[in-house]
Amino acid sequence: VTDLQVHLKLGQEMREADLKWRTSLMQMRHADDFQTRELLEFTEAHLRHLGVSIAEVEKFAAWQADVLECFGRRQRPPPSPVDPTSHKIT
């Protein structure tokens, strides 16, 4: 297995994990029970405490998968959705 294949496989696995994350969030947003809705609120509050939003996490996860897949295809990776000088990078 080459490094290119490893990068491509990791990118695909990360994209699948991101899809699961987004699916879970969608289910939580439309849930009828209090505990699931409360978990979503706690998740959003925790991310706000860290200075990021769910949308930013989703963008960054998709970007990471894109970068790995680009490396696996020997293509130039896309620019980061977050300013590299931002505190959100660390």
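These numbered points comment on a predicted model, beginning with its helix H1 and ending with a residue of helix H2.

1. Helix H1 covers residues 3-29, which is 27 residues, and at 1.5 Å a residue the helix should span 39 Å. Its end C-alpha atoms are in fact 39 Å apart in the model, so the expected span and the computed separation agree.

2. Within H1, the residues Gly11, Asp18, Leu25 and Met28 are buried. If you look for what covers the buried residues of H1, you will find that the cover includes helix H2 (34-50) and helix H3 (54-73).

3. Two of those buried H1 residues, Leu25 and Met28, belong to the largest nonpolar core, which has six residues in all and also takes in Leu40, Leu47, Val52 and Ile54. The elements that give two or more residues to this core are H1 and H2.

4. Leu25 deserves a second look, since, when its neighbours within four places in sequence are left aside, Leu25 is in contact with Leu40, Ile54 and Glu58. Of these partners, Leu40 and Ile54 are also members of the largest nonpolar core.

5. Arg37 lies in helix H2, and its relative accessible area is 37%; because partly exposed means a value between 20% and 50%, Arg37 is described as partly exposed. Leaving aside neighbours within four places in sequence, Arg37 is in contact with Met28, Arg29, His30 and Ala31. The C-alpha atoms of Arg37 and Leu25 are separated by 9.8 Å, and these two residues stand twelve residues apart along the chain.

Terms used. Residues are numbered from 1 along each chain as its sequence is written. This is a predicted model: local features need pLDDT of at least 70, side-chain atom pairs count only at pLDDT 80 or more; totals for chains, interfaces and linings use all residues. Side-chain values use heavy atoms; hydrogens and water are left out. Helices (H or I, at least four residues) and strands (E, at least two) are DSSP runs, numbered from the N terminus. The expected span of a helix is 1.5 Å times one less than its number of residues. Buried means under 20% relative accessible area, exposed over 50%, partly exposed in between (1.4 Å probe, protein chains only). Contact means heavy atoms within 4.5 Å. A nonpolar core is a set of buried Ala, Val, Leu, Ile, Met, Phe, Trp, Tyr and Cys residues joined through side-chain atoms within 4.5 Å.
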